[in-house]
Amino acid sequence: MDLILWRHAEAEDGTPDLERRLTPKGHKQAARVAAWLQQRLPAKFAVLASPAVRAQATAEALGVPVRTVASLAPGADVRAVLEAAGWPERRSAVVVVGHQPDLGRVAAFLLSGTPGSLSVKKGGLWWLSDRAREDGAQVVVRAVVTPDFL
């Protein structure tokens, strides 16, 4: 399984939190990362997004249907994110568009098996894969991308 943890792009400050929109820079970040993903994603993949407006707009940059998942809202716990994504049983790739520190906690947990957090920059992503080995399952980092490097 491929799990792409994509943090929403830069958003306006303000409240209510779930209604914050992407800034012009955020729209550019989302478009840049979406173009990179479109060149690399397999033919079959799903996109799941937090109900926050900024996450929805980031996900929509891919130009494919987006499924809104309430449990991906800001403050999502690791278990909820992994359950929504179907990790590791899903047989296709899934892009999860959410928030920091939630996504960073998911990445840290998958890579170490313990609680922790990694940085996922605004508009950036961590692409992780699950693979079976004789000595058990492994999580592999396939890519870490930030919009500034594209």
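D2 has a relative accessibility of 15%, so this residue counts as buried, the limit being under 20%. The model is a prediction. D2 lies in strand β1 and forms a salt bridge with R142 of strand β6, which ties together parts 140 residues apart in sequence. The points below start from this pair, then go through the sheet, helix α2, a salt-bridge network and a surface patch.

**D2 and its surroundings**

- The salt bridge between the side chains of D2 and R142 has an N to O distance of 3.2 Å.
- D2 also stands opposite S129, a residue of β5.
- Strands β1 and β5 run antiparallel and are joined by five bridges.

**The sheet**

- Six strands make up an open sheet with mixed pairing, and their order is β3-β2-β4-β1-β5-β6.
- β3 (67-68) and β6 stand at the edges with a single partner strand each, so one side of each has no neighbour in the sheet.
- β2 (residues 45-49) and β4 (residues 93-98) run parallel, with five bridges between them.
- Within this parallel pair, V47 has V95 of β4 as its bridge partner.
- As background, side chains in a regular strand alternate between the two faces of the sheet.

**The β5-β6 hairpin**

- Which sense of pairing joins β5 and β6? Strand β5 (residues 125-133) pairs with β6 in the antiparallel sense, over nine bridges.
- The two strands form a hairpin, and two residues lie between them.
- Among the bridge partners in this hairpin are L128 and V141, the latter in β6.
- D130 is likewise paired with V139 of β6.

**Helix α2**

- Helix α2 (residues 53-60) packs on the sheet and touches β1 (2-7), β2, β3 and β4.
- The direction of α2 makes an angle of about 160 degrees with that of β2.
- Which residues of α2 are buried? They are R54, A55, Q56, T58 and A59.
- These buried residues pack against β1, β2, β3 and β4, and also against helix α1 (24-38).
- As background, an α-helix has 3.6 residues a turn, so residues three or four places apart point the same way.

**V53**

- V53 also belongs to helix α2.
- The relative accessible area of V53 is 26%, so this residue is partly exposed, a class that lies between 20% and 50%.
- Apart from neighbours within four places in sequence, V53 is in contact with L18, E19, R20 and R21.
- V53 and T146 are 93 residues apart along the chain, and their C-alpha atoms are separated by 20 Å.

**The network around D17**

- The model has four salt bridges by the rule used here.
- D17 forms one of them with R20, where the closest N and O atoms are 3.0 Å apart.
- D17 forms another with R54, where the closest N and O atoms are 3.2 Å apart.
- The D17-R54 pair links distant parts of the chain, since D17 is in the loop between β1 and α1 while R54 is in helix α2, 37 residues apart.
- Because these salt bridges share partners, D17, R20 and R54 belong to one network.
- Are the members of this network buried or partly exposed? D17 is partly exposed, with a relative accessible area of 31%.
- R20 counts as buried at 17% relative accessibility, and R54 counts as buried at 3%.

**A surface patch**

- L111, V141 and V144 make a nonpolar surface patch of about 220 Å².
- V144 is part of strand β6 (residues 136-145).
- With a relative accessible area of 47%, V144 is partly exposed.
- V141, another member of the patch, is the residue of β6 that is paired with L128.

Key. Residues are numbered from 1 along each chain as its sequence is written. This is a predicted model: local features need pLDDT of at least 70, side-chain atom pairs count only at pLDDT 80 or more; totals for chains, interfaces and linings use all residues. Side-chain values use heavy atoms; hydrogens and water are left out. Patches are made of residues with over 30% relative accessible area and no salt bridge: like charges are joined within 9 Å, nonpolar side chains (Val, Leu, Ile, Met, Phe, Trp, Tyr) within 5 Å. Accessible areas come from the Shrake-Rupley method with a 1.4 Å probe; for residues, only the protein chains shown count as cover. Helices (H or I, at least four residues) and strands (E, at least two) are DSSP runs, numbered from the N terminus. Buried means under 20% relative accessible area, exposed over 50%, partly exposed in between (1.4 Å probe, protein chains only). Two strands pair if DSSP finds at least two bridges between them. Contact means heavy atoms within 4.5 Å. Axes are lines fitted to C-alpha atoms, for helices over the stretch in contact, and angles run from 0 to 180 degrees between N-to-C directions.
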